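Me: I would like to go through the labels used for this model and ask what each one rests on. Please set each value against its definition.

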Amino acid sequence: MYTHYPMNAQTPYMQQASIYGNPYQQRLEAITQQQAQQQSPQSNAQFVMVDGVEAARNTAVMPGQIRWMMNNDGSMMYVKAVDMTGAVSMRVLNLVEVTPDMQQKPGKEYAPMDRLIEIERRIDALEQKGTSE
């Protein structure tokens with residue numbers, strides 16, 4: 001037998017779903033939240049503590065995610081990324097503390113071009129003087 005319900009009336013299924021929660025609506029909300037989290041940039045990196053490079057290699061990373069890991073017993077940092085196709089890349093970084101005196105090291109100094117040309121002329125003059133003797 002076919003029963004008609006008024007437009008604003010709830011069916012017995014709808015009453016039961018509202019009591020226990022609609023699993024489809026809950027799943028939709030969870031997916032929407034996941035997509036919002038993936039689209040919004042993360043400002044703070046969360047480090048996972050690992051025991052060495054093998055533990056870092058074995059750490060699971062979901063596709064489209066980056067995992068930052070810090071070594072428990074040293075100054076190494078690991079960055080493991082998995083792209084959306086499932087390709088994995090991992091970088092190992094050695095952290096070195098930079099002290100104030102290390103920051104003030106002078107950079108490389110280069111001679112100006114006119115000074116190099118003058119030195120070349122002197123060398124040529126000395127070579128000519130040496131061959132004429």
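Reply: Start with a pairing in the hairpin: Ala81 stands opposite Ser89 in S4. This is a predicted model, in which local features need pLDDT of at least 70 and side-chain atom pairs count only at pLDDT 80 or more, while totals for chains, interfaces and linings use all residues. Residues are numbered from 1 along each chain as its sequence is written, and side-chain values use heavy atoms, with hydrogens and water left out.

Me: How do you know that S3 and S4 are paired?

Reply: Two strands pair if DSSP finds at least two bridges between them. Seven bridges join S3 (residues 76-82) to S4, and the two run antiparallel. Seven meets the requirement of at least two, so the strands count as paired. Five residues lie between the strands of this hairpin, and Gly86 there has a positive phi near 100°.

Me: What makes a stretch a helix or a strand, and how many of each are in the protein chain?

Reply: Both are DSSP runs numbered from the N terminus: helices are H or I with at least four residues, strands are E with at least two. The protein chain has five helices and four strands, in the order α-α-β-α-β-β-β-α-α along the sequence.

Me: Which elements have the lowest and the highest mean pLDDT?

Reply: pLDDT is the predictor's confidence in each residue, from 0 to 100. Helix H1 (residues 12-20) has the lowest mean among the elements, 55, and strand S4 (residues 88-94) the highest, 93. For the protein chain the mean is 78, with 70% of residues at 70 or more.

Me: Why is Thr59 called buried?

Reply: Buried means under 20% relative accessible area, exposed over 50%, and partly exposed in between (1.4 Å probe, protein chains only). Thr59 has 14%, which is under 20%, so Thr59 is buried. Of the 133 residues in the protein chain, 11% count as buried. Thr59 is in the loop between helix H3 (53-58) and strand S2 (65-71).

Me: What is Thr59 in contact with, leaving aside its neighbours within four places in sequence?

Reply: Contact means heavy atoms within 4.5 Å. On that basis, Thr59 is in contact with Val50, Arg67, Met69 and Lys80. The Thr59 side chain also reaches the backbone oxygen of Ala55 at 2.8 Å.

Me: Why is the pair Arg57 and Glu54 called a salt bridge?

Reply: A salt bridge is a side-chain nitrogen of Lys or Arg within 4 Å of a carboxyl oxygen of Asp or Glu. The closest N and O atoms of Arg57 and Glu54 are 2.7 Å apart, so the pair qualifies. Arg57 and Glu54 are three residues apart in helix H3, about one helical turn. Both are partly exposed: Arg57 has a relative accessible area of 46%, and Glu54 has 48%.

Me: How many salt bridges does this rule give?

Reply: The count is three. Glu118 forms one with Arg115, the closest N and O atoms being 3.5 Å apart, and another with Arg122, also at 3.5 Å, N to O. Salt bridges that share partners join Arg115, Glu118 and Arg122 into one network.

Me: What makes Arg122 exposed, and Glu118 partly exposed?

Reply: Arg122 has a relative accessible area of 51%, which is over 50%, so Arg122 is exposed. Glu118 has 33%, between the two cut-offs, and is therefore partly exposed. Arg115, at 37%, is likewise partly exposed.

Terms used. A polar contact is a pair of N or O atoms within 3.5 Å; within protein, one must be able to donate a hydrogen and the other to accept it, and residues adjacent in sequence count only if both atoms are side-chain atoms.
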